[in-house]
Amino acid sequence: MVSQALSILTSIVSLFVTGCDAVEVLAVPLLLGNSCSPSVPLTNFCLVIAPNRAAELPDDQRIVITGVGLTAPNGNDWTSFREALLEKRSGVQPYEIRYFGKTLAGICDFDTNRYQKKKEVRRGTRAGSVGVYAANEAIQHAGIDWNNTDRSRVGIYVGVTEHGNVETENEIYVIKGFDYDTSCWSHHHNPRTVANNPAGEIALNMGITGPHYTIGAACAAGNAGIIQGAQMLRLNECDLAIAGGTSESIHTFGIFASFNSQNALATHDDPAQASRPFDVDRNGIVVAEGGCLYVLERLSDAKARGAQIHGELVGYAMNTDATDFVLPNPERQAECVQMALKKAGLAANQIDLVSTHATGTSSGDFQECKALRTVFGDCTNPRINNTKSYIGHAMGAAGSLELAGNLLSFRDGVVHPTINVDQLDPDCAIPGLVLNEPEEGKKIDYVLNNSFGMLGINSVVIIGRV
Amino acid sequence: MTPAEIRDEILDILEDISPDEELDSLDDEKAFRDQLELDSMDFLDIVMELRKRHRVQIPEEDYGNLASMHSTVTYLEPKMKDIVKS
(Lines give C-alpha, C1' and ligand atoms only; values in the text may rest on other atoms or scores of the structure.)
Protein backbone atom coordinates (compact mmCIF):
# COMPACT_ATOMS: atom_id res chain seq x y z
CA MET A 1 0.00 0.00 0.00
CA VAL A 2 2.89 2.31 0.77
CA SER A 3 4.42 1.75 -2.64
CA GLN A 4 1.01 2.26 -4.22
CA ALA A 5 0.56 5.54 -2.40
CA LEU A 6 4.04 6.64 -3.41
CA SER A 7 3.47 5.77 -7.01
CA ILE A 8 0.17 7.61 -7.06
CA LEU A 9 1.85 10.62 -5.50
CA THR A 10 4.42 10.39 -8.25
CA SER A 11 1.64 10.42 -10.79
CA ILE A 12 0.08 13.41 -9.09
CA VAL A 13 3.38 15.26 -9.18
CA SER A 14 3.85 14.41 -12.83
CA LEU A 15 0.41 15.77 -13.60
CA PHE A 16 1.28 19.05 -11.93
CA VAL A 17 4.59 19.12 -13.71
CA THR A 18 2.86 18.63 -17.03
CA GLY A 19 0.77 21.69 -16.37
CA CYS A 20 -2.53 20.61 -14.89
CA ASP A 21 -4.81 23.62 -14.73
CA ALA A 22 -5.24 24.70 -11.12
CA VAL A 23 -8.96 25.09 -11.71
CA GLU A 24 -9.16 21.38 -12.40
CA VAL A 25 -7.41 20.42 -9.20
CA LEU A 26 -10.18 19.51 -6.87
CA ALA A 27 -10.09 18.22 -3.35
CA VAL A 28 -11.38 14.72 -3.97
CA PRO A 29 -10.32 11.85 -1.78
CA LEU A 30 -8.39 9.12 -3.51
CA LEU A 31 -9.31 5.81 -2.01
CA LEU A 32 -6.96 2.92 -1.81
CA GLY A 33 -9.57 0.51 -0.49
CA ASN A 34 -12.51 -0.81 -2.44
CA SER A 35 -15.24 0.97 -0.59
CA CYS A 36 -16.37 4.53 -0.44
CA SER A 37 -15.13 4.98 3.11
CA PRO A 38 -11.64 6.34 2.69
CA SER A 39 -9.03 4.13 4.28
CA VAL A 40 -6.07 6.20 3.13
CA PRO A 41 -7.36 9.44 1.68
CA LEU A 42 -5.13 11.52 -0.53
CA THR A 43 -6.35 14.83 -1.76
CA ASN A 44 -5.57 17.42 -4.38
CA PHE A 45 -5.01 15.23 -7.40
CA CYS A 46 -5.70 16.40 -10.86
CA LEU A 47 -9.05 15.36 -12.23
CA VAL A 48 -7.88 15.50 -15.83
CA ILE A 49 -7.61 11.77 -15.39
CA ALA A 50 -7.32 9.88 -12.16
CA PRO A 51 -4.00 8.08 -11.90
CA ASN A 52 -3.99 4.34 -12.28
CA ARG A 53 -1.43 1.65 -11.78
CA ALA A 54 -1.13 0.77 -15.48
CA ALA A 55 0.21 4.25 -16.14
CA GLU A 56 3.27 3.35 -14.11
CA LEU A 57 4.20 0.53 -16.45
CA PRO A 58 6.71 1.02 -19.25
CA ASP A 59 5.03 1.84 -22.54
CA ASP A 60 5.72 -1.62 -23.94
CA GLN A 61 3.60 -3.12 -21.16
CA ARG A 62 0.72 -0.68 -21.48
CA ILE A 63 -2.07 -1.97 -23.73
CA VAL A 64 -4.23 0.42 -25.67
CA ILE A 65 -7.18 0.19 -28.02
CA THR A 66 -6.45 1.67 -31.42
CA GLY A 67 -9.27 0.21 -33.51
CA VAL A 68 -12.84 -0.96 -33.09
CA GLY A 69 -14.78 -3.09 -35.56
CA LEU A 70 -18.23 -4.36 -34.83
CA THR A 71 -21.61 -5.47 -35.96
CA ALA A 72 -24.49 -5.22 -33.51
CA PRO A 73 -28.22 -5.70 -33.98
CA ASN A 74 -28.57 -1.90 -34.07
CA GLY A 75 -25.40 -0.79 -35.83
CA ASN A 76 -22.65 -2.00 -38.13
CA ASP A 77 -19.86 0.29 -37.01
CA TRP A 78 -18.78 1.94 -33.79
CA THR A 79 -20.32 5.32 -34.53
CA SER A 80 -23.71 4.09 -35.70
CA PHE A 81 -23.89 1.70 -32.76
CA ARG A 82 -23.23 4.58 -30.39
CA GLU A 83 -25.85 6.71 -32.15
CA ALA A 84 -28.42 3.94 -31.79
CA LEU A 85 -27.73 3.72 -28.08
CA LEU A 86 -28.01 7.46 -27.60
CA GLU A 87 -31.24 7.47 -29.63
CA LYS A 88 -32.52 4.53 -27.58
CA ARG A 89 -32.95 2.40 -30.70
CA SER A 90 -33.43 -1.30 -30.12
CA GLY A 91 -32.10 -4.00 -32.44
CA VAL A 92 -34.48 -6.71 -31.25
CA GLN A 93 -36.80 -8.09 -33.91
CA PRO A 94 -39.30 -10.89 -34.47
CA TYR A 95 -37.47 -14.07 -35.43
CA GLU A 96 -38.33 -17.60 -36.40
CA ILE A 97 -36.11 -20.64 -36.30
CA ARG A 98 -36.70 -24.26 -37.21
CA TYR A 99 -38.33 -26.48 -34.59
CA PHE A 100 -38.57 -23.70 -32.03
CA GLY A 101 -40.80 -21.42 -34.07
CA LYS A 102 -41.50 -17.76 -33.48
CA THR A 103 -39.45 -15.86 -30.98
CA LEU A 104 -37.40 -12.66 -30.70
CA ALA A 105 -33.72 -12.03 -31.42
CA GLY A 106 -31.09 -9.39 -31.91
CA ILE A 107 -30.29 -9.73 -35.62
CA CYS A 108 -27.37 -8.15 -37.46
CA ASP A 109 -27.63 -6.88 -41.03
CA PHE A 110 -23.97 -6.22 -41.91
CA ASP A 111 -22.85 -6.71 -45.50
CA THR A 112 -21.33 -10.19 -45.49
CA ASN A 113 -19.78 -9.61 -48.91
CA ARG A 114 -17.91 -6.46 -47.98
CA TYR A 115 -14.86 -8.51 -47.01
CA GLN A 116 -15.75 -12.03 -48.08
CA LYS A 117 -16.49 -13.62 -51.42
CA LYS A 118 -19.82 -15.41 -51.67
CA LYS A 119 -17.90 -18.66 -51.76
CA GLU A 120 -16.17 -17.88 -48.47
CA VAL A 121 -19.50 -17.10 -46.84
CA ARG A 122 -20.95 -20.36 -48.15
CA ARG A 123 -18.04 -22.46 -47.00
CA GLY A 124 -17.64 -20.86 -43.59
CA THR A 125 -19.83 -20.15 -40.61
CA ARG A 126 -21.90 -17.20 -39.49
CA ALA A 127 -19.49 -16.70 -36.59
CA GLY A 128 -16.68 -16.64 -39.13
CA SER A 129 -18.43 -14.02 -41.22
CA VAL A 130 -19.16 -11.88 -38.18
CA GLY A 131 -15.51 -12.13 -37.18
CA VAL A 132 -14.16 -11.41 -40.65
CA TYR A 133 -16.34 -8.31 -40.89
CA ALA A 134 -15.42 -7.04 -37.41
CA ALA A 135 -11.69 -7.75 -37.83
CA ASN A 136 -11.43 -5.98 -41.18
CA GLU A 137 -13.40 -3.03 -39.85
CA ALA A 138 -11.15 -2.85 -36.79
CA ILE A 139 -7.94 -2.87 -38.84
CA GLN A 140 -9.30 -0.15 -41.11
CA HIS A 141 -10.49 1.87 -38.15
CA ALA A 142 -7.05 1.60 -36.58
CA GLY A 143 -5.51 3.18 -39.67
CA ILE A 144 -2.99 0.39 -39.99
CA ASP A 145 -0.96 0.08 -43.17
CA TRP A 146 -2.11 -3.49 -43.63
CA ASN A 147 -0.14 -4.19 -46.81
CA ASN A 148 3.06 -3.45 -44.96
CA THR A 149 2.16 -5.20 -41.73
CA ASP A 150 4.10 -8.29 -40.69
CA ARG A 151 1.14 -10.64 -40.41
CA SER A 152 3.19 -13.29 -38.64
CA ARG A 153 3.16 -10.88 -35.68
CA VAL A 154 -0.61 -10.45 -35.62
CA GLY A 155 -2.58 -12.54 -33.13
CA ILE A 156 -6.30 -13.29 -33.23
CA TYR A 157 -8.09 -13.92 -29.94
CA VAL A 158 -11.84 -14.36 -30.31
CA GLY A 159 -14.09 -15.02 -27.36
CA VAL A 160 -17.00 -17.38 -28.00
CA THR A 161 -19.79 -18.66 -25.82
CA GLU A 162 -20.20 -21.79 -27.91
CA HIS A 163 -19.34 -22.90 -31.39
CA GLY A 164 -20.48 -25.73 -33.62
CA ASN A 165 -24.08 -26.04 -32.52
CA VAL A 166 -25.35 -24.23 -35.60
CA GLU A 167 -23.57 -26.50 -38.06
CA THR A 168 -24.36 -29.69 -36.19
CA GLU A 169 -28.05 -28.82 -36.05
CA ASN A 170 -27.96 -28.01 -39.76
CA GLU A 171 -26.38 -31.33 -40.69
CA ILE A 172 -28.77 -33.35 -38.58
CA TYR A 173 -31.62 -31.50 -40.26
CA VAL A 174 -30.15 -32.33 -43.68
CA ILE A 175 -29.59 -36.03 -43.06
CA LYS A 176 -33.07 -36.31 -41.56
CA GLY A 177 -34.23 -35.77 -45.14
CA PHE A 178 -32.16 -38.80 -46.16
CA ASP A 179 -33.41 -41.11 -43.41
CA TYR A 180 -30.33 -40.24 -41.34
CA ASP A 181 -27.92 -41.53 -43.98
CA THR A 182 -24.63 -40.19 -42.66
CA SER A 183 -23.06 -40.35 -46.13
CA CYS A 184 -25.00 -37.12 -46.73
CA TRP A 185 -23.28 -35.43 -43.79
CA SER A 186 -21.19 -32.55 -45.14
CA HIS A 187 -17.42 -32.77 -45.41
CA HIS A 188 -17.48 -29.10 -44.38
CA HIS A 189 -18.78 -29.98 -40.94
CA ASN A 190 -15.42 -30.49 -39.24
CA PRO A 191 -13.68 -27.32 -40.47
CA ARG A 192 -16.83 -25.39 -39.64
CA THR A 193 -17.14 -26.75 -36.13
CA VAL A 194 -13.58 -26.91 -34.84
CA ALA A 195 -13.42 -24.60 -31.88
CA ASN A 196 -10.92 -22.26 -33.53
CA ASN A 197 -13.16 -21.71 -36.57
CA PRO A 198 -14.35 -18.15 -35.79
CA ALA A 199 -10.74 -17.01 -35.38
CA GLY A 200 -9.35 -19.20 -38.15
CA GLU A 201 -11.70 -17.75 -40.76
CA ILE A 202 -10.35 -14.31 -39.91
CA ALA A 203 -6.80 -15.57 -40.38
CA LEU A 204 -7.67 -17.13 -43.75
CA ASN A 205 -9.45 -14.03 -44.96
CA MET A 206 -6.76 -11.57 -43.90
CA GLY A 207 -3.66 -13.67 -44.47
CA ILE A 208 -2.69 -13.57 -40.82
CA THR A 209 -0.05 -16.17 -39.95
CA GLY A 210 0.42 -15.36 -36.27
CA PRO A 211 -1.43 -17.27 -33.56
CA HIS A 212 -5.20 -17.60 -33.80
CA TYR A 213 -7.65 -19.28 -31.49
CA THR A 214 -10.92 -18.79 -29.73
CA ILE A 215 -11.41 -18.38 -26.04
CA GLY A 216 -14.38 -20.43 -24.85
CA ALA A 217 -15.66 -18.53 -21.86
CA ALA A 218 -19.46 -18.68 -22.02
CA CYS A 219 -20.89 -15.19 -21.83
CA ALA A 220 -17.74 -13.79 -20.24
CA ALA A 221 -15.95 -14.44 -23.52
CA GLY A 222 -15.93 -10.92 -24.96
CA ASN A 223 -13.91 -9.63 -22.04
CA ALA A 224 -11.84 -12.81 -21.97
CA GLY A 225 -10.79 -12.26 -25.58
CA ILE A 226 -9.61 -8.75 -24.78
CA ILE A 227 -7.70 -9.95 -21.74
CA GLN A 228 -6.06 -12.74 -23.73
CA GLY A 229 -5.00 -10.30 -26.44
CA ALA A 230 -3.49 -7.95 -23.88
CA GLN A 231 -1.60 -10.74 -22.18
CA MET A 232 -0.13 -11.97 -25.45
CA LEU A 233 1.01 -8.46 -26.32
CA ARG A 234 2.67 -8.14 -22.93
CA LEU A 235 4.39 -11.47 -23.50
CA ASN A 236 5.59 -10.21 -26.89
CA GLU A 237 3.86 -13.13 -28.62
CA CYS A 238 2.46 -10.68 -31.15
CA ASP A 239 2.71 -7.00 -32.05
CA LEU A 240 -0.93 -6.50 -32.89
CA ALA A 241 -3.86 -8.28 -31.31
CA ILE A 242 -7.29 -8.58 -32.88
CA ALA A 243 -9.29 -9.40 -29.80
CA GLY A 244 -12.85 -9.46 -28.53
CA GLY A 245 -15.80 -11.74 -29.10
CA THR A 246 -18.32 -13.00 -31.64
CA SER A 247 -21.65 -14.79 -31.59
CA GLU A 248 -23.72 -16.72 -34.12
CA SER A 249 -26.00 -18.06 -31.43
CA ILE A 250 -29.34 -17.00 -32.94
CA HIS A 251 -28.80 -19.60 -35.66
CA THR A 252 -29.07 -22.54 -33.29
CA PHE A 253 -32.58 -23.45 -32.18
CA GLY A 254 -31.05 -25.22 -29.20
CA ILE A 255 -30.12 -22.04 -27.39
CA PHE A 256 -33.67 -20.72 -27.63
CA ALA A 257 -35.16 -24.06 -26.63
CA SER A 258 -32.77 -24.44 -23.71
CA PHE A 259 -33.40 -20.96 -22.32
CA ASN A 260 -37.11 -21.54 -22.80
CA SER A 261 -36.95 -24.82 -20.89
CA GLN A 262 -35.12 -22.92 -18.19
CA ASN A 263 -37.96 -20.34 -18.15
CA ALA A 264 -35.33 -17.76 -19.06
CA LEU A 265 -36.30 -16.72 -22.61
CA ALA A 266 -37.82 -13.26 -22.95
CA THR A 267 -41.24 -12.71 -24.48
CA HIS A 268 -42.99 -9.43 -25.16
CA ASP A 269 -45.61 -8.16 -27.60
CA ASP A 270 -43.23 -5.35 -28.56
CA PRO A 271 -39.83 -6.78 -29.55
CA ALA A 272 -38.09 -3.52 -28.66
CA GLN A 273 -39.29 -3.86 -25.08
CA ALA A 274 -38.48 -7.52 -24.60
CA SER A 275 -34.99 -7.07 -23.17
CA ARG A 276 -35.58 -5.26 -19.89
CA PRO A 277 -32.86 -5.78 -17.28
CA PHE A 278 -33.66 -4.34 -13.84
CA ASP A 279 -37.37 -3.93 -14.65
CA VAL A 280 -39.74 -5.68 -12.31
CA ASP A 281 -41.51 -7.31 -15.27
CA ARG A 282 -38.40 -8.71 -16.95
CA ASN A 283 -38.94 -12.28 -18.02
CA GLY A 284 -35.71 -13.48 -19.56
CA ILE A 285 -33.02 -13.24 -22.20
CA VAL A 286 -33.29 -12.04 -25.79
CA VAL A 287 -30.67 -14.00 -27.73
CA ALA A 288 -28.59 -11.90 -30.11
CA GLU A 289 -25.83 -12.32 -32.65
CA GLY A 290 -22.99 -9.92 -33.25
CA GLY A 291 -19.32 -9.32 -32.87
CA CYS A 292 -16.87 -6.74 -31.69
CA LEU A 293 -13.14 -7.01 -32.21
CA TYR A 294 -10.57 -4.49 -31.07
CA VAL A 295 -7.13 -3.74 -32.36
CA LEU A 296 -4.93 -3.81 -29.29
CA GLU A 297 -1.37 -2.58 -29.33
CA ARG A 298 1.37 -1.83 -26.90
CA LEU A 299 1.38 1.88 -26.14
CA SER A 300 4.96 2.14 -27.41
CA ASP A 301 3.92 0.77 -30.83
CA ALA A 302 0.79 2.89 -30.98
CA LYS A 303 2.80 6.02 -30.22
CA ALA A 304 5.47 5.10 -32.76
CA ARG A 305 2.97 4.98 -35.59
CA GLY A 306 1.02 7.98 -34.34
CA ALA A 307 -2.15 5.98 -33.80
CA GLN A 308 -5.30 7.44 -32.34
CA ILE A 309 -5.85 5.82 -28.96
CA HIS A 310 -9.40 5.12 -27.86
CA GLY A 311 -8.68 3.82 -24.39
CA GLU A 312 -6.23 1.87 -22.27
CA LEU A 313 -6.77 -1.43 -20.54
CA VAL A 314 -5.87 -0.37 -17.02
CA GLY A 315 -7.29 -3.32 -15.13
CA TYR A 316 -8.89 -6.68 -15.58
CA ALA A 317 -9.71 -9.84 -13.69
CA MET A 318 -11.23 -13.25 -14.19
CA ASN A 319 -12.33 -15.72 -11.57
CA THR A 320 -14.74 -18.58 -11.02
CA ASP A 321 -17.78 -19.14 -8.80
CA ALA A 322 -17.27 -22.90 -8.46
CA THR A 323 -20.77 -23.11 -7.04
CA ASP A 324 -23.34 -23.83 -9.78
CA PHE A 325 -23.81 -24.59 -13.47
CA VAL A 326 -26.05 -21.61 -14.11
CA LEU A 327 -26.77 -19.61 -10.98
CA PRO A 328 -24.33 -16.74 -10.48
CA ASN A 329 -22.52 -16.16 -7.24
CA PRO A 330 -22.51 -12.48 -6.23
CA GLU A 331 -19.64 -12.95 -3.78
CA ARG A 332 -17.34 -14.22 -6.53
CA GLN A 333 -18.59 -11.54 -8.92
CA ALA A 334 -17.82 -8.87 -6.35
CA GLU A 335 -14.38 -10.37 -5.81
CA CYS A 336 -13.76 -10.26 -9.54
CA VAL A 337 -14.66 -6.57 -9.71
CA GLN A 338 -12.47 -5.87 -6.68
CA MET A 339 -9.56 -7.76 -8.23
CA ALA A 340 -9.84 -5.65 -11.37
CA LEU A 341 -9.95 -2.46 -9.31
CA LYS A 342 -6.91 -3.59 -7.37
CA LYS A 343 -4.99 -4.36 -10.54
CA ALA A 344 -5.89 -0.91 -11.85
CA GLY A 345 -4.97 0.74 -8.58
CA LEU A 346 -8.34 2.41 -8.53
CA ALA A 347 -10.92 2.87 -5.82
CA ALA A 348 -14.53 2.00 -6.48
CA ASN A 349 -15.58 5.63 -6.48
CA GLN A 350 -13.08 6.42 -9.24
CA ILE A 351 -15.02 4.28 -11.70
CA ASP A 352 -17.21 6.64 -13.66
CA LEU A 353 -19.29 4.13 -15.54
CA VAL A 354 -20.17 0.51 -14.83
CA SER A 355 -21.42 -1.44 -17.83
CA THR A 356 -23.42 -4.28 -16.34
CA HIS A 357 -23.77 -7.82 -17.60
CA ALA A 358 -27.43 -8.10 -16.48
CA THR A 359 -29.36 -10.21 -18.99
CA GLY A 360 -32.96 -9.65 -17.94
CA THR A 361 -33.41 -12.80 -15.90
CA SER A 362 -35.02 -12.52 -12.51
CA SER A 363 -32.17 -13.94 -10.46
CA GLY A 364 -29.17 -12.92 -12.57
CA ASP A 365 -29.91 -9.21 -12.49
CA PHE A 366 -30.54 -9.26 -8.78
CA GLN A 367 -27.33 -11.18 -8.09
CA GLU A 368 -25.21 -8.78 -10.11
CA CYS A 369 -26.79 -5.82 -8.33
CA LYS A 370 -25.97 -7.51 -5.06
CA ALA A 371 -22.35 -7.84 -6.16
CA LEU A 372 -22.21 -4.22 -7.29
CA ARG A 373 -23.75 -3.09 -4.02
CA THR A 374 -20.96 -4.93 -2.21
CA VAL A 375 -18.25 -3.20 -4.21
CA PHE A 376 -19.68 0.23 -4.83
CA GLY A 377 -21.90 0.57 -1.75
CA ASP A 378 -23.18 4.09 -1.66
CA CYS A 379 -20.51 5.52 -3.94
CA THR A 380 -21.81 8.63 -5.57
CA ASN A 381 -19.59 8.84 -8.65
CA PRO A 382 -20.19 5.67 -10.71
CA ARG A 383 -23.05 5.59 -13.16
CA ILE A 384 -24.44 2.19 -14.02
CA ASN A 385 -26.07 1.13 -17.29
CA ASN A 386 -26.93 -1.90 -19.38
CA THR A 387 -26.62 -2.31 -23.13
CA LYS A 388 -28.46 -5.63 -23.44
CA SER A 389 -31.66 -3.67 -23.03
CA TYR A 390 -31.09 -2.49 -26.63
CA ILE A 391 -29.54 -5.46 -28.40
CA GLY A 392 -30.32 -8.49 -26.27
CA HIS A 393 -27.65 -10.88 -25.14
CA ALA A 394 -24.96 -11.27 -27.80
CA MET A 395 -23.38 -14.14 -25.88
CA GLY A 396 -19.67 -14.39 -26.77
CA ALA A 397 -19.78 -10.88 -28.21
CA ALA A 398 -21.70 -9.36 -25.31
CA GLY A 399 -18.75 -8.18 -23.25
CA SER A 400 -16.83 -6.61 -26.10
CA LEU A 401 -19.91 -5.07 -27.75
CA GLU A 402 -21.22 -3.57 -24.51
CA LEU A 403 -17.79 -2.13 -23.78
CA ALA A 404 -17.67 -0.56 -27.25
CA GLY A 405 -21.11 0.93 -26.69
CA ASN A 406 -19.74 2.79 -23.69
CA LEU A 407 -16.22 3.74 -24.76
CA LEU A 408 -17.30 6.75 -26.78
CA SER A 409 -18.55 8.29 -23.54
CA PHE A 410 -14.89 9.26 -23.04
CA ARG A 411 -15.49 11.77 -25.82
CA ASP A 412 -19.17 12.66 -25.72
CA GLY A 413 -19.58 12.62 -21.95
CA VAL A 414 -22.91 10.87 -22.22
CA VAL A 415 -24.01 7.77 -20.34
CA HIS A 416 -26.56 5.90 -22.38
CA PRO A 417 -29.38 4.59 -20.24
CA THR A 418 -30.74 1.16 -19.55
CA ILE A 419 -33.98 1.28 -21.50
CA ASN A 420 -37.29 -0.49 -20.87
CA VAL A 421 -37.24 0.07 -17.12
CA ASP A 422 -40.88 1.02 -16.60
CA GLN A 423 -40.81 -0.03 -12.98
CA LEU A 424 -37.45 -0.58 -11.34
CA ASP A 425 -37.22 -3.82 -9.39
CA PRO A 426 -36.53 -2.73 -5.79
CA ASP A 427 -33.97 -5.54 -5.55
CA CYS A 428 -32.04 -3.89 -8.39
CA ALA A 429 -32.29 -0.35 -7.08
CA ILE A 430 -28.62 0.41 -6.64
CA PRO A 431 -27.18 3.93 -6.62
CA GLY A 432 -26.06 5.36 -9.94
CA LEU A 433 -28.43 3.56 -12.29
CA VAL A 434 -29.06 5.57 -15.43
CA LEU A 435 -32.54 4.62 -16.53
CA ASN A 436 -34.49 5.41 -19.68
CA GLU A 437 -32.91 8.78 -20.36
CA PRO A 438 -29.24 9.43 -21.09
CA GLU A 439 -27.17 11.38 -18.61
CA GLU A 440 -25.20 14.10 -20.31
CA GLY A 441 -22.23 16.14 -19.16
CA LYS A 442 -20.63 13.36 -17.18
CA LYS A 443 -16.85 13.29 -17.37
CA ILE A 444 -15.87 9.69 -17.99
CA ASP A 445 -12.32 8.59 -17.29
CA TYR A 446 -12.88 4.94 -16.39
CA VAL A 447 -15.36 2.40 -17.70
CA LEU A 448 -15.70 -0.89 -15.86
CA ASN A 449 -17.24 -3.65 -17.96
CA ASN A 450 -18.78 -6.76 -16.38
CA SER A 451 -19.27 -9.98 -18.29
CA PHE A 452 -20.30 -13.21 -16.60
CA GLY A 453 -21.18 -16.66 -17.86
CA MET A 454 -22.41 -20.14 -17.16
CA LEU A 455 -20.33 -22.50 -15.08
CA GLY A 456 -19.57 -19.48 -12.95
CA ILE A 457 -17.05 -17.69 -15.13
CA ASN A 458 -16.60 -14.02 -14.32
CA SER A 459 -14.67 -11.35 -16.18
CA VAL A 460 -14.15 -7.65 -15.64
CA VAL A 461 -12.17 -5.15 -17.65
CA ILE A 462 -11.49 -1.52 -16.83
CA ILE A 463 -10.68 0.86 -19.66
CA GLY A 464 -9.22 4.26 -18.97
CA ARG A 465 -9.40 7.38 -21.06
CA VAL A 466 -6.07 8.28 -22.63
CA MET B 1 -31.46 -37.53 -68.05
CA THR B 2 -29.92 -36.63 -71.37
CA PRO B 3 -26.30 -35.47 -71.57
CA ALA B 4 -27.56 -31.90 -71.94
CA GLU B 5 -29.70 -32.25 -68.82
CA ILE B 6 -26.77 -33.71 -66.90
CA ARG B 7 -24.66 -30.77 -68.01
CA ASP B 8 -27.33 -28.35 -66.76
CA GLU B 9 -27.39 -30.17 -63.45
CA ILE B 10 -23.62 -29.91 -63.07
CA LEU B 11 -23.76 -26.23 -63.95
CA ASP B 12 -26.45 -25.73 -61.30
CA ILE B 13 -24.24 -27.43 -58.71
CA LEU B 14 -21.22 -25.34 -59.79
CA GLU B 15 -23.27 -22.16 -59.38
CA ASP B 16 -23.87 -23.16 -55.77
CA ILE B 17 -20.27 -24.12 -55.15
CA SER B 18 -18.67 -21.18 -56.94
CA PRO B 19 -21.14 -18.31 -56.67
CA ASP B 20 -18.49 -15.72 -57.54
CA GLU B 21 -17.55 -17.33 -60.85
CA GLU B 22 -18.84 -16.54 -64.34
CA LEU B 23 -19.91 -19.91 -65.76
CA ASP B 24 -21.37 -18.84 -69.11
CA SER B 25 -18.00 -19.06 -70.81
CA LEU B 26 -17.07 -22.44 -69.36
CA ASP B 27 -15.11 -24.55 -71.86
CA ASP B 28 -16.39 -28.13 -71.60
CA GLU B 29 -13.12 -29.59 -72.83
CA LYS B 30 -10.89 -27.75 -70.36
CA ALA B 31 -10.32 -28.92 -66.81
CA PHE B 32 -12.53 -27.20 -64.24
CA ARG B 33 -9.45 -26.35 -62.19
CA ASP B 34 -7.92 -24.47 -65.12
CA GLN B 35 -10.98 -22.24 -65.36
CA LEU B 36 -12.45 -22.04 -61.89
CA GLU B 37 -11.14 -21.64 -58.36
CA LEU B 38 -11.98 -25.14 -57.23
CA ASP B 39 -10.19 -27.17 -54.58
CA SER B 40 -10.62 -30.71 -53.31
CA MET B 41 -13.43 -29.69 -50.95
CA ASP B 42 -15.30 -28.22 -53.91
CA PHE B 43 -15.00 -31.47 -55.85
CA LEU B 44 -16.35 -33.27 -52.82
CA ASP B 45 -19.27 -30.85 -52.97
CA ILE B 46 -20.01 -32.04 -56.51
CA VAL B 47 -19.93 -35.63 -55.30
CA MET B 48 -22.10 -34.79 -52.30
CA GLU B 49 -24.69 -32.87 -54.29
CA LEU B 50 -25.06 -35.68 -56.84
CA ARG B 51 -25.55 -38.08 -53.95
CA LYS B 52 -28.12 -35.87 -52.25
CA ARG B 53 -30.01 -34.82 -55.33
CA HIS B 54 -29.99 -38.05 -57.32
CA ARG B 55 -28.57 -40.75 -55.06
CA VAL B 56 -25.71 -41.15 -57.50
CA GLN B 57 -22.70 -42.69 -55.78
CA ILE B 58 -19.25 -41.84 -57.08
CA PRO B 59 -16.47 -43.99 -55.60
CA GLU B 60 -13.23 -42.24 -54.74
CA GLU B 61 -11.30 -44.05 -57.46
CA ASP B 62 -13.59 -42.46 -60.05
CA TYR B 63 -13.08 -38.85 -58.91
CA GLY B 64 -10.66 -38.31 -61.78
CA ASN B 65 -13.60 -38.47 -64.17
CA LEU B 66 -14.85 -35.17 -62.77
CA ALA B 67 -11.93 -33.22 -64.23
CA SER B 68 -13.86 -31.34 -66.93
CA MET B 69 -17.47 -30.82 -67.90
CA HIS B 70 -17.10 -33.15 -70.86
CA SER B 71 -15.49 -35.96 -68.82
CA THR B 72 -18.03 -35.50 -66.04
CA VAL B 73 -21.05 -35.76 -68.34
CA THR B 74 -19.53 -38.75 -70.12
CA TYR B 75 -18.90 -40.48 -66.80
CA LEU B 76 -22.34 -39.70 -65.38
CA GLU B 77 -24.39 -40.52 -68.46
CA PRO B 78 -24.79 -44.26 -67.75
CA LYS B 79 -25.40 -43.56 -64.04
CA MET B 80 -28.08 -40.93 -64.66
CA LYS B 81 -29.75 -42.01 -67.88
CA ASP B 82 -32.71 -43.51 -66.03
CA ILE B 83 -33.22 -40.50 -63.80
CA VAL B 84 -36.12 -38.32 -64.86
CA LYS B 85 -35.34 -34.63 -64.63
CA SER B 86 -37.78 -33.03 -62.26
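# Exercises on a predicted two-chain model

E4(A) and E5(A) form a hairpin with three residues between them, and Tyr99(A) in the turn has a positive phi of about 70°. Keep in mind that this model is predicted.

**Exercise 1. Describe how strands E4(A) and E5(A) pair, and find the bridge partner of Pro94(A).**

Solution.
- Step 1: Locate the strands. E4(A) covers residues 92-97 and E5(A) covers residues 101-106.
- Step 2: Work out the sense. The two strands pair in the antiparallel sense, over six bridges.
- Step 3: Pick out the pair. Pro94(A) has Leu104(A) in E5(A) as its bridge partner.

**Exercise 2. Decide how strand E8(A) sits in the structure, and identify its neighbours.**

Solution.
- Step 1: Check burial. Here a residue is buried if 20 or more other C-beta atoms lie within 10 Å of its own. In E8(A), residues 240-247, eight of the eight residues are buried, so the strand is largely enclosed by the rest of the structure.
- Step 2: Sort the residues by direction. In a regular strand the side chains alternate between the two faces of the sheet. From E8(A), Leu240(A), Ile242(A), Gly244(A) and Thr246(A) point one way. Ala241(A), Ala243(A), Gly245(A) and Ser247(A) point the other way, and all are buried.
- Step 3: Take one neighbour. Strand E6(A), residues 154-160, runs parallel to E8(A) and is joined to it by six bridges. Across this pairing, Ile156(A) stands opposite Ile242(A).
- Step 4: Take another neighbour. Strand E9(A), residues 290-298, pairs with E8(A) in the antiparallel sense over seven bridges. Gly245(A) has Cys292(A) in E9(A) as its bridge partner.

**Exercise 3. Test whether the end-to-end distance of helix H11(A) agrees with or departs from the expected span, then say what covers its buried residues.**

Solution.
- Step 1: Compare the distances. H11(A) has 15 residues, 330-344, and at 1.5 Å a residue it should span 21 Å; its end C-alpha atoms are 21 Å apart, which agrees.
- Step 2: List buried residues. Among them are Gln333(A), Glu335(A), Cys336(A), Val337(A) and Leu341(A).
- Step 3: Find the cover. It includes strand E10(A) (311-320), helix H12(A) (362-376), strand E13(A) (446-453) and strand E14(A) (457-464).
- Step 4: Look past the end. Just after H11(A), Gly345(A) takes a positive phi of about 70°.

**Exercise 4. Give the make-up of each chain, and judge whether chain B is compact or extended for its length.**

Solution.
- Step 1: Begin with chain A. This chain holds 15 helices and 14 strands. Of its 466 residues, 55% count as buried. Residues 24 or more positions apart account for 79% of its contacts with a separation of 6 or more.
- Step 2: Turn to chain B. This chain has four helices and zero strands, in the order α-α-α-α from the N terminus.
- Step 3: Apply the globule rule. The radius of gyration of chain B is 12 Å, close to the 12 Å that the rule gives for 86 residues, so chain B is as compact as a globular protein of that length.
- Step 4: Add its box and its burial. The C-alpha atoms of chain B fill roughly 30 × 25 × 20 Å along the principal axes, and 21% of its 86 residues count as buried.

**Exercise 5. Describe the residues where chains A and B touch.**

Solution.
- Step 1: Count each side. Chain B gives eight residues to the contact and chain A gives 10 residues.
- Step 2: Classify the chain B side. Its residues divide into four nonpolar, one polar and three charged.

How values were computed. Residues numbered from 1 in each chain as written. Chains lettered and ligands numbered in written order. Predicted model: local features only at pLDDT ≥ 70, side-chain atom pairs only at ≥ 80, totals over all residues. Expected span 1.5 Å × (residues − 1). Buried ≥ 20, exposed ≤ 12 C-beta atoms within 10 Å, placed from the backbone. Contact = placed C-beta atoms within 7 Å. Nonpolar A, V, L, I, M, F, W, Y, C, P; charged D, E, K, R; others polar. Rg over C-alpha atoms; globule rule 2.2 N^0.38 Å. Pairing = 2+ DSSP bridges.
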